[in-house]
Every structure is written in structure tokens, then in C-alpha cells.
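Work through the exercises below with the sequence and the model side by side. Each task is followed by a solution in steps.

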Amino acid sequence: MQGVGKAARGASRQLARASTKMRNDALLAIAEQLGNSRDSLAEANRLDMAAGRESGLDAALLDRLELTPARIDAMITGLLEVAALPDPIGEITDMSYRPSGIQVGKMRVPLGVIGIIYESRPNVTVEAASLCLKSGNATILRGGSEALHSNLAIAECIGAALAASGFDAAAVQIVNTADRAAVGELITMPDYVDVIVPRGGKGLIERISRDSKVPVIKHLDGNCHVYVDADADMTKALAITFNSKTHRYGTCNTAESLLVDAAIAERFLPQIAERLLSAGVEIRGCEQTRRFISEAKAAVEADWFEEYLAPVIAVKVVSGLDEAIEHINTYSSHHTESIVTENYTKARRFLTEIDSSSVMVNASTRFADGFEYGLGAEIGISTDKLHARGPVGLQGLTSQKYIVFGDGHIRG
């Protein structure tokens with residue numbers, strides 16, 4: 001791993017000075033290489049799928065592991081889309097003259113070497129590599145052992161395309177061992193790795209956050225809330241709540257908790273319950289909720305913290321905006337929260353006082369996504385407050401340095 005890190009550091013310097021065209025050409029070359037290697041990718045994935053079934057992976061993990069023709073197409077499309085994005089590297093902003101006569105500004109630069117640790121989904125290999133290349137960063141990728149054959153086949157395509165484009169193959173390296181000790185080394189090499197991005201379950205991310213000696217961009221879980229205010233439009237509230245919960249169950253921006261103002265609970269709760277129950281969603285509610293929804297199970301304290309990633313939702317009746325804000329800031333994972341209201345003053349208070357990486361007014365929590373935010377793609381979502389917060393796209397994989405222009409100026 002020390003050798004991998006040293007090679008990545010060298011490759012990062014080449015990437016940092018490469019032109020936009022060179023980096024875009026490399027992305028297009030990877031797309032072409034993947035398109036020409038469909039059979040070998042499919043064969044490698046079959047080995048992983050067979051091993052996964054033999055080892056007892058559940059249906060959800062097998063689905064994430066599978067590289068279907070459509071998913072290979074999506075990887076290729078993603079590369080083309082990233083190549084078309086504006087290049088943030090070298091952008092100079094905030095230029096101003098100081099009283100001394102010097103001109104001061106900021107230049108956007110790559111972070112350097114990014115280590116990415118992820119599970120199951122081999123398409124993440126291409127997504128992560130493309131975003132890192134576009135933003136001028138070398139990357140070290142460590143996928144899950146269950147996807148090792150698929151990831152190595154993808155790595156072969158990436159390496160061939162990089163070489164054909166004049167780049168050091170170490171610009172994108174995939175750790176070729178399933179040994180967990182490799183992760184321990186990767187996250188403790190600050191001389192060679194500038195940032196770690198873990199993508200996976202809560203257990204993985206907790207371990208990385210605890211043990212890493214390298215800064216980490218991450219979110220632990222997504223306990224997202226929808227608050228239906230007394231001044232909500234009922235039609236909007238029903239649609240937003242239902243979409244936030246049922247559009248997809250297994251994503252980090254799915255609503256796991258619903259708060260309803262007591263003033264409209266009797267009117268709103270039976271209507272949303274009918275929709276949720278008809279979709280097979282289990283409702284766990286507070287005592288007041290259960291008065292209006294007979295099918296609701298009793299919620300316990302743990303439910304207010306829970307990221308279910310399943311057709312389950314926790315529902316609480318609150319006395320108004322103050323209690324809603326207090327509840328969310330207490331139990332939320334600081335990922336995404338939404339208020340449904342026609343009251344501008346309440347909406348502004350919610351935006352100001354909720355301490356989460358995405359805060360919405362009259363919109364589904366499912367919009368908390370790099371593509372939907374116009375970032376083109378994302379490497380993950382951060383609930384941290386330093387450097388990057390919310391969906392992390394190309395700009396989140398860069399930093400800024402001060403630049404100074406003078407003309408023989410000296411400080412008196």
C-alpha cells in the first residue's frame with residue numbers, strides 16, 4: 001500500500017498540470033474501452049455473482065453487484081457527461097488590489113490523492129474514477145471483496161485508456177486484494193493520501209471515521225424528515241410526503257420521519273396513512289398519531305433516530321414549528337429535511353434554524369442529489385461542516401489557494 005500511495009502521489013502531480021482537454025480525452029478513452037470490453041466485464045461480473053450466491057449474499061446486495069448491459073451503458077454515459085462538465089481547475093476568483101499595490105485572489109486546485117472505499121457496486125469504480133480524473137486528482141479505489149473480479153476488469157479498461165491518453169496508469173489504482181488490512185493501511189497514509197471518501201454501510205463509515213489519520217468526507221446515515229406545517233397546502237403535503245418515502249426505500253435521501261403540526265393532524269394523517277399503507281409502508285407513531293391512524297404501531301425512542309432503508313416510517317405530531325425544529329435538530333443525521341408550508345416566515349425560519357446539509361421548502365427530500373443539484377454527478381454526500389457539505393461534486397474534490405500578483409513589490 002505504501003508503493004500504491006507513492007505512485008498515486010507522483011501521478012497526482014501529472015494530473016494537476018494536465019490540460020482540460022487531456023483529462024477529457026482520457027475520460028472519453030475510458031468510455032470507449034468499456035464499450036469494447038463488454039464481454040470481459042460481463043464474464044468477470046458472472047464470477048462475482050456466482051461467488052455472491054454461494055456465500056449467501058441477500059437479494060439487495062446481489063442486485064447492487066450485478067453489471068447488466070444497461071448498467072454498463074450507464075457507466076459509459078456517465079463518463080461522457082462528466083467529460084462535458086465545466087472544469088473547475090485553475091479557476092481564479094476574488095481578485096482585488098490591496099493598499100500595498102499587490103493583487104490578491106484565489107485559484108481552484110485539486111486536493112491531490114483521494115482514497116475511496118466502497119461496497120458492492122462496481123459502477124462506483126467508474127463514477128469515482130471519472131470525477132477524480134476530471135477534478136485533477138489521482139485516486140486509490142478499494143472496492144468490496146464481493147466485487148473484486150468486476151472491479152479488476154474495470155481497472156484494466158481504465159489503465160489501458162490512461163496509457164493510451166499519455167497518463168500514468170497510477171492516476172487510478174484499484175487495490176487488487178480483498179485483505180481488509182489494505183483498508184487499514186490506506187486510511188493511515190497521510191503522506192500519500194489527502195482525503196478518504198467511504199461509501200457504504202454505517203458500520204464501514206464509522207470504522208473509517210474512527211481509525212483514519214487522513215481527513216474523511218462522509219455521512220453516516222440519512223435520517224431525513226418531512227415536516228407538514230399547519231399552513232401547508234394539503235395536496236402538496238400528500239404528494240411530497242409520499243414521494244419522499246416511497247420513491248426509493250434504500251437511499252440516504254429517503255424520508256424516514258414525518259412530523260405533522262397538531263392543528264392539521266386530524267385532517268392530514270388519515271389521508272397520508274391511506275396512501276402509505278396501500279404502498280405497504282409500516283407506520284410507527286407517537287400516541288397522538290395512533291389516535292388518528294389505528295394501524296400505526298407504537299413508536300419507541302429508537303425510531304426517532306432510525307434510518308430504516310425500508311418501507312417503514314416514524315410519525316410524530318408536534319405542537320408547531322418550534323417543536324419540529326427542536327425534534328429535527330435532536331434526532332436528525334443532518335442529511336436532508338423538508339418543510340411543507342405556504343407561510344414564507346415559517347419557511348425562512350426552517351431554512352435558517354435547521355442544522356442539516358440540505359434544507360428544502362415544498363420539495364421532496366429525494367432531490368438531495370448531485371445530479372439534481374446541477375453538479376453533474378457526485379462522489380457522495382457529506383454531513384460534515386468543513387470543506388464540503390451536502391452532495392460532493394467536482395468542486396467538492398478541489399480546494400483553493402491564494403495567489404498574489406506583484407510588480408517588484410516589497411513590504412515596508
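**Exercise 1. Two strands in the middle of a sheet**

Task: In which sense do strands β8 and β11 pair, and over how many bridges?

Solution. Step 1: locate the strands, which are DSSP runs (E, at least two residues; helices are H or I, at least four residues), numbered from the N terminus. Strand β8 covers residues 255–261 and strand β11 covers residues 312–318. Step 2: apply the pairing rule, by which two strands pair if DSSP finds at least two bridges between them. β8 and β11 are joined by 5 bridges and run in the parallel sense. Step 3: pick one bridge; Ser 257 has Ala 314 in β11 as its partner.

Before going on, note how the values were made. This is a predicted model, in which local features need pLDDT of at least 70 and side-chain atom pairs count only at pLDDT 80 or more, while totals for chains, interfaces and linings use all residues. Residues are numbered from 1 along each chain as its sequence is written, and side-chain values use heavy atoms, with hydrogens and water left out.

**Exercise 2. The whole sheet**

Task: What is the strand order of the open sheet of 7 strands, and why does one side of β10 and of β13 lack a neighbour?

Solution. Step 1: read the order, β10-β9-β11-β8-β7-β12-β13, with parallel pairing. Step 2: look at the ends. β10 (297–298) and β13 (358–361) are at the edges and have a single partner strand each, so one side of each has no neighbour in the sheet. Step 3: check the partner of β13. Strand β12 (residues 336–340) runs parallel to β13 and is joined to it by 4 bridges; in one of them, Ser 338 is paired with Met 360.

**Exercise 3. Enclosed or not?**

Task: Which side chains of β7 and of β13 are buried?

Solution. Step 1: fix the terms. Buried means under 20% relative accessible area, exposed over 50%, and partly exposed in between (1.4 Å probe, protein chains only). Step 2: take β7 (residues 224–228). Here 5 of the 5 residues are buried, so the strand is largely enclosed by the rest of the structure. Cys 224, Val 226 and Val 228 are on one side, His 225 and Tyr 227 on the other, and both faces are covered. β7 also pairs with β8 in parallel through 5 bridges, among them the one from Tyr 227 to Leu 259. Step 3: take β13. Ser 358 and Met 360 point to one face and are buried, whereas Val 359 and Val 361 point to the other face and are not.

**Exercise 4. Positive phi**

Task: Where are Asn 362 and His 387, and what is the sign of phi in Asn 362 and in His 387?

Solution. Step 1: recall the background. Most residues other than glycine have a negative phi. Step 2: Asn 362 has a positive phi of about 55° and is not a glycine. Asn 362 sits in the loop between β13 and β14 (380–382) and is partly exposed, at 26% relative accessibility. Step 3: for His 387, phi is also positive, near 70°. His 387 belongs to the loop between β14 and β15 (390–392) and is partly exposed at 47%.

**Exercise 5. Contacts across the chain**

Task: Which residues does Glu 91 contact, leaving aside its neighbours within four places in sequence?

Solution. Step 1: a contact means heavy atoms within 4.5 Å. Step 2: place Glu 91 in the loop between α5 (69–84) and β1 (92–97); at 36% relative accessibility it is partly exposed. Step 3: list the contacts, which are Lys 106, Met 107, Arg 108 and Gln 395. Step 4: try Gln 103, in strand β2 (residues 103–110). With residues up to four places away not counted, Gln 103 touches Met 95, Ser 96, Tyr 97, Ile 403, Val 404 and Phe 405.

**Exercise 6. The whole protein**

Task: How many helices and strands does the protein have, and what share of its residues is buried?

Solution. Step 1: the secondary structure comprises 14 helices and 16 strands. Step 2: of the 412 residues, 51% are buried. Step 3: among contacts with a separation of 6 or more, 72% join residues 24 or more positions apart.
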